[in-house]
2 protein chains.
Amino acid sequence: MSRLTQLIPILDWGKGYQRDDLPSDLMAGLITAIMLVPQSMAYAMLAGLPPQIGLYSSMAPLVLYGIFGTSRALAVGPVAIVSLMTATALGAALPEGASSGEYIAAAAVLALLNGLVLLALGAMRAGFLVNFLSHPVLSGFTSAAAFVIGLSQVKHLFGVSVPRGSTVDTVTGIVGELSETNLTAFALGLGAILLMVWMRGPLQKILEKRSLSPFLIQLLTKSGPLVVVFFGTVLTTSLGLSETNNVAIVKDIPLGLPDVSTPFFDQALWLSLLPSAALIGLVGYMESVSVAKALAARRRQKIDPNQELMGLGMANIGAGFTGGYPVTGGFSRSMVNFAAGAATPLASIITATLVGLSVAFLTPLFYFLPRAILAAIILVAVASLIDFKSIKHSWQYSKSDGSAQVATIIVVLAVGIEAGILAGVVLSLVLFLWRTSRPHMAIVGQVGYTEHYRNVLRHEVRTDPEILLLRVDENLYFANTAYLETRVQEIVADNPEVSQIVLICSAVNFIDTSAMETLEQLIDNFHQAGVTLHLAEVKGPIMDRLSRTDFLEHLTPGRVFISTHEAVKQLREIVHADGFDPVI
Amino acid sequence: MSRLTQLIPILDWGKGYQRDDLPSDLMAGLITAIMLVPQSMAYAMLAGLPPQIGLYSSMAPLVLYGIFGTSRALAVGPVAIVSLMTATALGAALPEGASSGEYIAAAAVLALLNGLVLLALGAMRAGFLVNFLSHPVLSGFTSAAAFVIGLSQVKHLFGVSVPRGSTVDTVTGIVGELSETNLTAFALGLGAILLMVWMRGPLQKILEKRSLSPFLIQLLTKSGPLVVVFFGTVLTTSLGLSETNNVAIVKDIPLGLPDVSTPFFDQALWLSLLPSAALIGLVGYMESVSVAKALAARRRQKIDPNQELMGLGMANIGAGFTGGYPVTGGFSRSMVNFAAGAATPLASIITATLVGLSVAFLTPLFYFLPRAILAAIILVAVASLIDFKSIKHSWQYSKSDGSAQVATIIVVLAVGIEAGILAGVVLSLVLFLWRTSRPHMAIVGQVGYTEHYRNVLRHEVRTDPEILLLRVDENLYFANTAYLETRVQEIVADNPEVSQIVLICSAVNFIDTSAMETLEQLIDNFHQAGVTLHLAEVKGPIMDRLSRTDFLEHLTPGRVFISTHEAVKQLREIVHADGFDPVI
């Protein structure tokens with residue numbers, strides 16, 4: 001594969017496009033579009049933006065991802081968590097009372113910056129940065145964010161108005177306003193929820209029993225959001241619910257495609273949005289790559305994580321230039337796209353075309369769409385993201401992973417979404433360092449007269465009082481050099497007969513500069529106390545590195561032994577040169 | 001050892017105090033005091049504080065460390081880097097034009113907060129936090145900080161006045177003022193430097209040849225600072241240099257011991273000093289513990305890193321209540337204390353008593369002490385800390401460690417001392433994650449008909465096209481799960497015949513929740529693609545953890561094999577059930 005087709009994957013799959021793939025790509029494109037049109041409007045509302053911004057974000061970005069992305073089935077567009085993060089970022093960066101126009105302009109800037117951050121990371125091949133996010137932290141973050149998102153929609157469902165605020169404020173605000181509930185809006189929203197849940201569950205089973213074609217089943221069960229939008233709008237229009245019953249509606253959505261325009265430049269705004277753009281980029285990239293990988297594996301395909309940064313980066317730059325807001329590859333729509341048979345990114349491009357047609361011709365139909373229906377769509381979409389069960393799972397497996405997850409959830413709920421993810425990342429790192437900073441070490445002895453050496457605490461083994469055999473079960477690096485030093489010194493202080501120490505490195509995959517220097521210092525200090533340090537079973541790459549420095553001269557008279565057994569054989573000859581060996 | 005003697009080590013060594021130790025403790029206490037009196041005044045000046053604050057910081061803290069600390073020879077008191085960090089912290093927290101009294105009060109608050117942070121870390125047994133600082137970063141930081149410190153003294157040496165500023169501003173400021181040099185001050189300072197260098201080097205050799213007693217040699221060679229203070233003051237007083245030649249002098253130092261008083265409470269000031277206090281605490285603790293460990297190892301003693309947090313914490317709280325500023329265990333004075341024979345912390349208490357006597361009776365003698373002499377003392381002390389050679393050393397051993405070191409130096413010089421250490425820490429972590437995020441993996445094959453399996457790229461081995469044997473040489477955790485997943489998928493996509501994968505875990509010391517979940521997902525996804533994943537050579541502790549979850553059910557029909565050879569034997573029977581084996 002040439003460098004060019006690697007950078008622009010469409011040149012690769014486009015040239016070899018199989019006509020057989022066209023029907024499934026068309027089908028997948030259609031079904032995804034049916035989900036995407038109502039969802040993108042709902043998510044835009046969640047981001048604090050007018051519904052058309054969601055639609056605008058569902059055209060150019062999909063085409064650009066189709067050109068530059070490497071996943072065959074990823075469905076790019078507005079997603080729940082990125083929308084919430086957008087709302088938070090815009091709320092923090094813009095002054096209170098900023099106009100709707102300013103919000104929309106800032107959203108486009110945020111998308112552009114997000115795209116530039118992703119491109120920069122791609123150019124630096126720094127996709128590994130998302131590895132800062134451990135699964136438990138990400139899972140806790142997703143659950144808590146989904147909860148916050150759901151909560152933010154409850155007011156629309158009840159048709160009451162509650163100002164944006166902390167989790168507790170929102171809950172008390174809603175409870176306080178319950179008496180003001182708009183029963184018509186609530187009935188519409190609740191009906192929509194029940195209908196969508198029924199279509200995703202029971203309906204699917206009914207249709208399967210009737211042995212309908214899989215395509216028709218897909219089409220019918222995934223069209224829940226569109227169906228509720230249709231019935232909700234028809235009911236509201238025909239019964240005049242917005243006038244007589246005061247049901248909040250979407251109102252004017254501009255007809256026609258968005259203009260292509262450069263996001264406006266304002267240094268202060270760009271600087272204040274940049275950190276959020278970076279965080280949104282990383283979180284969005286993480287979500288997207290996880291889905292893309294899972295889907296690729298099921299068909300023995302592969303994706304290129306660094307090229308994905310390019311694909312998503314271009315998609316977001318596209319959003320920025322066409323009046324959109326940040327997008328990424330979403331979980332649920334990608335699963336649907338995949339299940340509906342998307343064979344190539346052409347499916348994505350078809351979806352974008354269908355969304356474009358809706359924007360060009362259908363938006364006036366959405367005038368009477370009740371906001372409670374959009375809230376219902378979001379609630380159903382995020383309900384499946386809440387997974388507090390996994391806390392138990394993480395906790396059971398590892399207390400430190402479990403506590404990082406719980407801390408992330410608490411900070412998201414109590415402080416906010418950005419603080420939560422940062423707290424989770426920091427805590428993951430600290431706990432990881434803590435874990436590797438106290439490596440498992442075992443004093444080992446010889447099993448009978450074999451060449452096997454095992455932990456003295458767990459096995460019946462033979463030891464020599466002058467020779468200490470210490471196995472370290474961890475890489476030696478800055479986070480554990482201090483512990484290593486302390487432990488080795490303690491052991492030597494507690495065993496005054498010891499004159500030879502052998503550090504067994506069979507489980508050590510690397511030794512960094514800090515650890516090497518610590519070893520040098522241990523060697524020097526022990527030397528003054530009459531103790532010689534040796535190494536055994538050092539892996540090839542580590543030996544290569546050590547021999548590039550003067551470490552081995554430092555070690556002298558200590559040596560590097562091929563095996564523990566070899567070390568014991570040769571050291572016994574030295575320490576028992578008088579012929580008396582207490583062990584043999 | 002009871003819990004109480006563990007918390008208050010003096011109860012332990014005090015009870016068993018050997019009278020034989022008294023002469024060496026007295027000697028060490030005297031020699032350290034002779035160094036400490038002039039050094040502490042000089043370091044206080046470096047911290048932007050009057051000289052007596054250095055002396056005040058050299059009494060109560062030493063006694064408290066003697067009671068609560070675990071090192072036998074650590075010499076606590078003002079040190080260069082902590083003094084510079086104090087100057088930075090106070091400069092940032094106090095408004096421009098703050099009075100000298102406000103500076104002094106804030107310095108005491110900083111010491112108190114520093115002490116409280118250390119105590120809190122001790123109570124949480126969080127000494128491992130200093131492990132965030134890798135050796136190369138710390139070494140780069142120390143060198144660059146020593147350079148900044150030295151530079152800050154050059155103006156005193158030339159007797160010119162240059163405002164505090166960036167490295168470049170300071171250099172250009174000094175060059176611009178060179179024509180204003182006070183030649184008398186310069187001659188005094190230069191003479192002092194030459195005298196101290198001579199006493200530390202050539203004099204020692206001369207005295208050794210005369211076979212003087214080691215004690216006398218120690219006393220004479222280490223008294224350089226005191227000697228230059230004496231001659232500098234006598235010359236300035238007798239020749240009236242401060243009046244006739246305008247040599248800057250120390251002037252009034254209050255006579256008498258400091259009052260014990262509670263540092264004043266001002267919420268805004270405390271909050272703004274807290275981050276610096278924490279950073280000073282960690283850096284100081286790191287310096288102190290490194291020295292304490294090195295000294296303990298030489299006599300087969302041990303120190304308790306968590307109790308050291310208590311000892312240094314109490315020392316700083318003592319400084320806060322007696323008008324001092326942050327202290328820690330310093331490198332050079334501790335070495336001298338150790339070499340002079342300090343056997344117990346009583347040496348420290350003796351030093352404190354001698355400093356107390358000086359403060360009570362001798363301070364008027366320092367009135368005419370020239371500032372150029374104090375600058376000379378600091379310059380000689382920090383010169384030995386500058387070690388840019390170690391960059392080459394780190395770089396040679398590991399590019400990533402070397403670049404973290406260089407980055408730390410650049411940021412310290414270009415931005416500042418606190419930004420530098422933070423940049424170094426962040427970079428160490430990122431580079432560490434980057435390194436472990438791309439673990440070495442080897443596809444292995446059978447060496448002849450033995451039970452040994454080696455890398456196919458390096459050895460002539462036999463492989464089975466349907467069975468992939470993959471050895472991962474790293475712990476599996478959140479930072480490398482993504483890479484693991486990508487690589488395994490790529491390998492499977494590139495080898496369409498593979499139906500069985502064996503992940504060999506002989507070098508894996510732990511698998512965290514993220515990695516376990518990634519493996520589960522890989523298993524599920526591969527299952528759909530007709531590939532079964534197995535594990536081999538999983539260590540005991542990891543198996544214990546995995547069996548606490550439903551991982552092993554997830555793995556089915558995949559299995560966990562005792563050894564690679566066992567895996568190959570059994571899997572061959574499965575995949576070649578028809579009797580045809582392409583390998584055998």
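1. A:Ser390 is a useful place to start reading this predicted model, since it has 18 C-beta neighbours inside 10 Å and therefore counts as partly exposed. The residue belongs to helix α20 of chain A, which covers residues 389-397. Computed along the chain, so to speak, its distance from A:Gln39 is 351 residues in sequence, while the C-alpha atoms of A:Ser390 and A:Gln39 are 27 Å apart in space.2. For chain A as a whole, 27 helices and eight strands are found, and the C-alpha trace spans about 105 × 60 × 60 Å along its principal axes. Of the 584 residues of chain A, 52% count as buried. Among the contacts in chain A with a separation of 6 or more, 81% are between residues that lie 24 or more positions apart.

3. Chain A is divided into two parts, with domain 1 taking residues 20-428 and domain 2 taking residues 441-575. The centres of domain 1 and domain 2 of chain A, taken over C-alpha atoms, are separated by 55 Å.

4. An open sheet in chain A is formed by six strands, which follow one another in the order β4-β3-β5-β6-β7-β8, and its pairing is mixed. The edge strands of this sheet are β4 (453-455) and β8 (560-561) of chain A, each of which pairs on one side only.

5. Within that sheet, strand β5 of chain A (residues 467-472) pairs with strand β6 of chain A (residues 500-504) in the parallel sense, over five bridges, and A:Ile467 stands opposite A:Gln500 of β6(A). Strand β3 of chain A (residues 441-446) is joined to β5(A) by three bridges, and these two strands run antiparallel; the bridge partner that A:Ala442 finds in β5(A) is A:Arg471. Because five of the six residues of β5(A) are buried, this strand is largely enclosed by the rest of the structure. As a general point, the side chains of a regular strand alternate between the two faces of the sheet.

6. Turning to chain B, B:Phe158 is placed in helix α8 of that chain, and it counts as buried because it has 22 C-beta neighbours inside 10 Å. If residues up to four places away in sequence are left out, B:Phe158 touches B:Ile174, B:Leu178, B:Thr181, B:Asn182 and B:Phe186. For B:Phe158 and B:Phe186, the separation is 28 residues in sequence and 5.0 Å in space, C-alpha to C-alpha.

7. Helix α10 of chain B, made of the 18 residues 183-200, reaches 26 Å from its first C-alpha to its last, which is close to the 26 Å expected at 1.5 Å a residue. Its buried residues are B:Thr184, B:Ala185, B:Leu188, B:Gly189, B:Ala192, B:Ile193, B:Met196 and B:Met199. These buried residues of α10(B) pack against α8, α11 (202-209), α12 (214-222), α13 (224-239), α14 (241-244) and α19 (371-383) of chain B.

8. Where the two chains meet, 57 residues of chain B are in contact with 58 residues of chain A. On the side of chain B that touches chain A, the elements that give two or more residues are α8 (135-158), α15 (267-298), α20 (389-397), α22 (417-437), α23 (478-494) and α24 (513-528) of chain B. The largest share of that side, 10 residues, comes from α23(B), and the residues of the side as a whole divide into 24 nonpolar, 20 polar and 13 charged.

9. As for how the two copies are related, chain B can be laid on chain A with an RMSD of 0.1 Å by a turn of 180° and a shift of 0.0 Å along the axis, which is the relation of a two-fold axis. Of the residues of chain B, B:Ala507 comes closest to the rotation axis, its C-alpha lying at 2.7 Å. Because 100% of the interface residues of chain B are also interface residues in chain A, the copies meet through the same surface.

Terms used:
Residues numbered from 1 in each chain as written. Chains lettered and ligands numbered in written order. Predicted model: local features only at pLDDT ≥ 70, side-chain atom pairs only at ≥ 80, totals over all residues. Contact = placed C-beta atoms within 7 Å. Helix = DSSP H or I, 4+ residues; strand = E, 2+ residues; numbered from the N terminus. Nonpolar A, V, L, I, M, F, W, Y, C, P; charged D, E, K, R; others polar. Buried ≥ 20, exposed ≤ 12 C-beta atoms within 10 Å, placed from the backbone. Expected span 1.5 Å × (residues − 1). Least-squares fit on C-alpha atoms with pLDDT ≥ 70 in both. Domains from an automatic or database assignment. Pairing = 2+ DSSP bridges.
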